[in-house]
Each structure stands twice: as structure tokens, then as C-alpha cells.
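The following paragraphs lead from a loop position to a strand and its pairing partners. The reader is invited to follow the path in the structure shown here.

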Amino acid sequence: MSPKYKALLISAALTFSPACLAQNAPTEAPAAVEALDPVKAAPAAIKDVDPALWVVRDEDTTIYLFGTVHILKPNLSWFDEGVKQAFEGSDRLVLEMVEPTAAESQALFGKLAIDKSGKTLRSKMSDADRAIYETAMTKTGLPAEALDPFDPWAAAVTLSVISMQKQGFDINSGAEKQLTAAANAAKKPIGGVETMEFQLGVFDSMPESEQIRFLVETAKVVESSSNMMDKMVELWGTPDPDGLGRLMNEGLTSRALYDALLTRRNANWAKWIKAEMDKPGTTFMAVGAGHLAGPTSVQNLLPAYGLSAVRVAY
């Protein structure tokens, strides 16, 4: 996979919730249950990880900044120690977005991710690109035509999510799912700084040629995407935010793409944090870890507002 599109795929996992795509992905099993091996592997041992946590404070306001990964393997223990203490001491949870209902999600997906021109996904590809894509679909266990109604960007992220799910990653184990469940149980208010429509629009606004390239490069590594995610999660949990930033930004030479995925959104959130510091209380803000890594991270933009984020030692 070219570095540019590798970075884009990593960016998707770190900065964009794939839950809406998973809800719309084909659900038919690729093989009959009877054909599956009845012998199940022993569950993986629980691994304790300690993702980075930052805090912004003044005399009456505290905002914790926690970087998430939207899709994880279920054997990681991260919601404990300093992270849990900060969460439990907060008045509310703020996420990138509050996930809409399934019906609302599907309506948005249909609005932005489904091609309205009548052209099928595969008809937009060259013969060589189509062959690569159809091979990846076969490896994933999906019919070649399964994603034909989708725009290329939506097919790329959907194919990636399905592939990672088959390799042990689970959206329901993602950090946002666990934080949302804990907030609901504790009756904490939950807010968002973006909407699903905005997030889908970031991808939908890419030129079609770039979307197709993204899809084809994703298809080339459909079987090895787990290795990329494993490395990313390792850096997240070590924690090594600098290493995570380097991995994420490796080869992302398109300034327009970098700014769309990261810089402009991070700048919006830094401005939001500045406004929130005028309100007393404690907030636990959890956003994709990619936004808290790299040269234009939220933390690096806060000094422009006279604020600083300090790493929490735990």
C-alpha cells in the first residue's frame, strides 16, 4: 500500500467512527454455520494497556483529553486506573459525535455513501483495478457485487472494517462504545463536537479518482490490515503518542487531505475547548487518538488560546 493511502486508512481508524458503516455492511454469512469448525480457540489473555491522557485546567474548569481507537480487540484492559478515575470524576462525556439511531444512520449513509448516478462501483474502475478489488472481495467472503451501490470511499472503509472484524477486531469493544455504556450507567450527559453527517462528508468530498485509489489500495492489503491496526493499537496502549503520530502521518503528503482529516477539525476542537474553559465543571473528552498525536494535534493548537494540556501520570 502506498504510504499516502496507508496513512489515510490509519486516519480513518483513528479519526472517524466506522460504526455507521458497519450497520450498513452486508450481513449475510459467507459460509453456512454447519461448515464452520466447531472447535473454538481459547480466548486471548487479557492485556493491560495504559493509553495517554491529558488534562487542561484553570481555577474552576477541568477538561480531560483521551485518545480513542474506534475498533479494538476484546482482550484489552484500558478502562481502569487513571483513565477510569478521570472519567468517574467528570460531570459529562464528550465524544467526536453522539452516534445516531440505526434508522438515522442508515438514512445518512443512503444520502452520502450511495451513488445517485446509476453507475455501479465496479464500472468506475479500470480492468486492472477491478480485478484487484474483486479478489479482495472474494478473500473477505463477499460477492463481488455486494458493494456496487456504494461510492468508492464508502466501499473502502466498509471493506476495511469487515476485514478487521474477521481478524478479531470488534466495534463493540471500541473505546467509544465502552465509554458511552459507562456514561449511560452513571447517568452522565453525553455530547458531541461533530455530527455523523459531517464525518461522512469529509470522505464524500474527496475527488472520485482519489476515492477509487483509496479503495484499490485498501483492497491490496485487505488480508494484512490487521498487522497495521495491531501496530497502531500497540503504540496507543504503550503509550507512544509521538510514535503514533509518526505512523499516522507517514507519507500523508496531500496537504488538502491532511487538513481535512486533521488540522481543521483539531482547530475547531481547540476553539471549542477554549470556550468550554469559561464554564465551570469537569469534562471527559474522548476523540480519535490521531487527533492527539502529530504536529497539529489538539494539544499543540491550544497554546494559541493561552491554554496548555499536561500529560496525566498514572
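In this predicted model, alanine 44 lies in the loop that links helix 2 (19–24) to strand 1 (47–48). Is alanine 44 buried or exposed? Its relative accessibility is 52%, so alanine 44 counts as exposed, the cut-off for that class being over 50%. A point of reference elsewhere in the chain is lysine 73, which is 29 residues apart from alanine 44 along the chain; the C-alpha atoms of alanine 44 and lysine 73 are separated by 9.6 Å.

Strand 3 (residues 61–68) presents another environment. This strand is mostly covered, with eight of its eight residues buried. In a regular strand, side chains alternate between the two faces of the sheet. In strand 3, Thr61, Ile63, Leu65 and Gly67 point one way, while Thr62, Tyr64, Phe66 and Thr68 point the other way. Residues of both sets are buried.

Which strands pair with strand 3? One partner is strand 2 (residues 53–57), which pairs with strand 3 in the antiparallel sense over five bridges. Strand 2 and strand 3 form a hairpin, with three residues between them. Within this pairing, tryptophan 54 stands opposite leucine 65 of strand 3.

Another partner is strand 7 (residues 281–288), which runs parallel to strand 3 and is joined to it by eight bridges. Here leucine 65 has methionine 285 of strand 7 as its bridge partner. Leucine 65 is thus a useful residue on which to centre the view: tryptophan 54 stands opposite it, and methionine 285 is its bridge partner in strand 7.

Note on methods: Residues numbered from 1 in each chain as written. Predicted model: local features only at pLDDT ≥ 70, side-chain atom pairs only at ≥ 80, totals over all residues. Heavy atoms only, no water. Helix = DSSP H or I, 4+ residues; strand = E, 2+ residues; numbered from the N terminus. Buried < 20%, exposed > 50% of the residue type's maximum accessible area, 1.4 Å probe, protein only. Pairing = 2+ DSSP bridges.
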